[in-house]
Amino acid sequence: MAMAVAHHQHRESSSGSSINKHLNDSGKYVRYTSEQVEALERVYAECPKPSSLRRQQLIRDCPILSNIEPKQIKVWFQNRRCREKQRKESSRLQTVNRKLSAMNKLLMEENDRLQKQVSQLVCENGYMRQQLHTVPATDASCDSVVTTPQHSLRDANNPAGLLSIAEETLAEFLSKATGTAVDWVQMPGMKPGPDSVGIFAISQSCSGVAARACGLVSLEPTKITEILKDRPSWFRDCRSLEVFTMFPAGNGGTIELIYTQTYAPTTLAPARDFWTLRYTTTLDNGSFVVCERSLSGSGAGPNGASAAQFVRAEMLPSGYLIRPCEGGGSIIHIVDHLNLEAWSVPEVLRPLYESSKVVAQKRTIAALRYIRQIAQETSGEVVYSFGRQPAVLRTFSQRLIRGFNDAVNGFNDDGWSLINCDGAEDIIMAVNSTKNLTTTNPANSFAFLGGILCAKASMLLQNVPPAVLVRFLREHRSEWADFNVDAYSAASLKSGSYAYPGMRPTRFTGGQIIMPLGHTIEHEELLEVVRLEGHSFSQEEAFASRDIHLLQICSGVDENAVGACSELVFAPIDEMFPDDAPLLPSGFRIIPLESKTSDSKDAMATHRTLDLTSSLEVGSTTNHNAGDLNSFHNTRSVLTIAFQFPFESSLQDNVASMARQYVRNVISSVQRVAMAISPSGLSPSVGPKLSPSSPEALTLANWICQSYSYHIGAELLQPDSLGGDSMLKHLWHHQDAILCCSLKSLPVFIFANQAGLDMLETTLVALQDISLDKIFDECGRKTLCADFAKLMQQGFAYLPAGICMSTMGRHISYEQAIGWKVLSGEDNSVHCLAFTFVNWSFV
């Protein structure tokens, strides 16, 4: 009987139509009156899950509910919550379905385009074969069969002529965006999938460099058009965009003549500018189009004086096609096609200007990511720390990177001029006495500044993964920074506070606390506040805080990102963190240099599993990795460092001397770190460096797993992990943190898998500076001592659930830890100790 009642109630709760019925005393269903439903809905709006007392109070307060049992009131609320949940789930599924339908449509169109491209290539291949058989072997055969029609310039003052150029630009852009005008190949390392940002391609063989992206975004076309046209808001390398002329085209569109300046990424190359025509229109099918092309490949441009430091680059027909989707949202096609005049930069840097991957990462992918970021913020999916509005955080990110770019480029029209420029200096020194750093709040302005000094330099790095180096610089600031110099810059930013050269003595603990503010969708960029802890030496000020706060942006820490640069840029900021705080950014930028031929090949580093042993001076002896290693050893990157220092006029020489020496010290430290990171022992020609204390990676993985099985009686890895290289990969990607430490009196970590590095928030290079006791607090160390003795005695030990700490000071909880002795396979001697932390998470 009880089961029947339960079943009856379940049927009632699962039925949307029965929510407004209840059982009376005779056991019959009676429909709730509209007044009763209204009263219940009012309570539901305030409290969807009222307590028993609240329900009884409801019956007492509402006489119209007096004929309903409290139990039935409870059932009504259960049904109402169930219906609300079903409604939300239905709405979510409809949204997902719309997105999947739109993405399916996009993929089908892409498939059609690829089939057309294949057919075209087959035809061209057949035609070339025929030509080879029929054309006689004479000198005349060297004449080009296919001629590219040159774009004839019309009178730029003639609107009719410009409209003709605009229509041509539109046709050429569409043929690249949805047709086969460019031989697109999928961008290496960025395969499309259900959760991907979009579909990305780069040109395989065309004049200049070109990239293409298409994706689905939940914003309306007009909003997307507005965002994309405001290029300085999302394109970090864009210094300025000026619209000089704008007039309507006959079909409701507009034509604009635009002058754009872009920053140079390094001190070794001049900046670029563009003189373009931009055409905005709508197509017959309701799609929006913004297309653009250069009006001239050369010439002074609208402002000859400001253009003196720029090289004129060419934009071939490029732009954005934005198509509205049914049910909301848009499908976007983006094409960037440029000729960046690579002849104007040193030969070693030319890969930067001849790589379609670089264009894709900096412009094409950046545009799509930015729009998706705005879409998620608009929908409320992204929530940031400290209650900051997303727009404020985006402004901070923009100002940091723009300020750093200004320092690296040092444009004359910004007020920069070189000092001590005799050509023999390794550090470029520039001064700016006119830069306006005042803000709307007088308390935050540089009221008494004499000016700003910038010390900058660029250098080549060999075989150093940029992402690894930037991670190290971020996590281990004390390895390269002098906190007293940070203190000087921070103090100088407070108006009238000039302490150099006689600063008040401050003792810094060497520690830094990183507080996250926000990040982009795919965590490719992190915005954070760094606190450097300091204390006064003098007793009367012993309790006064000497902490320094830095606003910092870190990007490019993903080693699998193809063609991206890695940056760490920071600026002192007041601890109150005002929105209009003046920022004086300094930092590092590391850009990988790849040969142009590698555009059509996958990036070698994507498949390297040897990153995990780069600090152990070991290498894989398997043959299939030799090619990857050889390629990796030929990789180079360019490192640009720029530091800015505020100064008072009377102290310019002192500050200049300090700045020059400080940046030299930073460069020396970075070079030392780079040498440690570079896997110099992996050269196939020399052979791997093997030593008893540092076994080859695959061997170490075998020893860890075999010893675990021997001591614990279970397998660490799944049975499908066959031996050799796959065992190393499975160990590296294991979900639990696995760490190995030495057998010294103070055990030091010598190896960790990816989860272990994530847990400790460190890198393999820095791992060897961390001892086992450092990751536990006082209580944890006492517990560890007892378990450690058991481990050494019986060969393994189970450690109960507990708390440990990352190198960033964050607490980590884990359900269980297991420690065991790792035995060498040769003589069964103990090589090291291994620990696995199960189900760990940040508290």
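Let's begin with an open sheet of three strands, which follow the order 26-27-30 and pair in the antiparallel sense. At its edges stand strand 26 (802–805) and strand 30 (841–842); each has a single partner strand, so one side of each is left without a neighbour in the sheet. Keep in mind as you look around that this is a predicted model. What holds the strands of a sheet together? Strands pair through backbone hydrogen bonds, and the pairing can be either parallel or antiparallel. Here, strand 26 and strand 27 (residues 811–814) are antiparallel and are joined over four bridges. To find one place where they meet, look for I803, which stands opposite S813 in strand 27.

I803 also makes a handy signpost to another element. The C-alpha atom of C779 is separated from that of I803 by 9.5 Å, although their positions lie 24 residues apart along the chain. C779 belongs to helix 19. Is C779 buried or exposed? C779 counts as exposed because its relative accessibility is 55%, and the cut-off for exposed is over 50%.

Now follow helix 19 itself. This helix (residues 778–794) lies across strand 25, strand 28 (816–823) and strand 29 (830–838), and runs at about 150° to strand 25. These three strands bring us to another open sheet, made of five strands in the order 24-23-29-28-25 with antiparallel pairing. Its edge strands are strand 24 (749–752) and strand 25 (796–799), each of which pairs on one side only. On average, neighbouring strands in this sheet are turned by 20° against each other, if direction is ignored.

Strand 23 deserves a closer look. With strand 24, strand 23 (residues 737–741) pairs in the antiparallel sense over three bridges, and L739 has A752 in strand 24 as its bridge partner. Strand 23 is also joined to strand 29 by five bridges, again antiparallel; there, the bridge partner of C741 is L833. How many of the residues of strand 23 are buried? Five of the five are, so the strand is largely enclosed by the rest of the structure. In a regular strand, the side chains alternate between the two faces of the sheet. Both faces of strand 23 are covered, with A737, L739 and C741 buried on one side and I738 and C740 buried on the other.

Having met some cysteines, you may wonder about disulfides. A disulfide is a covalent bond between the sulfur atoms of two cysteines. How many disulfides does a search of the whole structure find? The result is zero. Cysteines do occur in quite varied surroundings: C779 is exposed at 55% relative accessibility, while C214 is buried with a relative accessible area of 1%, and C238 is buried at 0%.

Next, turn to the interior. The largest nonpolar core has 53 residues, and L469, W480, F588, I641, F643, F645 and Y662 touch the most other members. Helix 14 (residues 652–677) supplies the largest share of this core, twelve residues. Apart from it lies another core, of 45 residues, among them A213, I322, L338 and C565.

To see what surrounds one of those well-connected residues, pick F645. Beyond residues up to four places away in sequence, F645 touches G451, I452, L453, V485, Y488, S489, L584, V655, M658, A659 and Y662. Some of these names return in helix 12 (residues 483–492), where eight of the ten residues are buried and the helix is mostly covered. Its buried residues include V485, Y488 and S489, as well as F483 and D486.

Our last stop is E567, which sits in strand 20 (residues 566–572). Is E567 buried or exposed? E567 counts as buried because its relative accessibility is 8%, and buried means under 20%. Which residues are in contact with E567, once neighbours within four places in sequence are left aside? They are I401, V470, I553, C554, S555, F588 and R589. With R589, the side chain of E567 forms a polar contact of 2.5 Å. F588, another of the contacts of E567, takes us back to the largest nonpolar core, where F588 is among the residues that touch the most other members.

Notes:
Residues are numbered from 1 along each chain as its sequence is written. This is a predicted model: local features need pLDDT of at least 70, side-chain atom pairs count only at pLDDT 80 or more; totals for chains, interfaces and linings use all residues. Side-chain values use heavy atoms; hydrogens and water are left out. A nonpolar core is a set of buried Ala, Val, Leu, Ile, Met, Phe, Trp, Tyr and Cys residues joined through side-chain atoms within 4.5 Å. Buried means under 20% relative accessible area, exposed over 50%, partly exposed in between (1.4 Å probe, protein chains only). Helices (H or I, at least four residues) and strands (E, at least two) are DSSP runs, numbered from the N terminus. Contact means heavy atoms within 4.5 Å. Two strands pair if DSSP finds at least two bridges between them. Axes are lines fitted to C-alpha atoms, for helices over the stretch in contact, and angles run from 0 to 180 degrees between N-to-C directions. A polar contact is a pair of N or O atoms within 3.5 Å; within protein, one must be able to donate a hydrogen and the other to accept it, and residues adjacent in sequence count only if both atoms are side-chain atoms. A disulfide is a pair of cysteine sulfur atoms within 2.5 Å.
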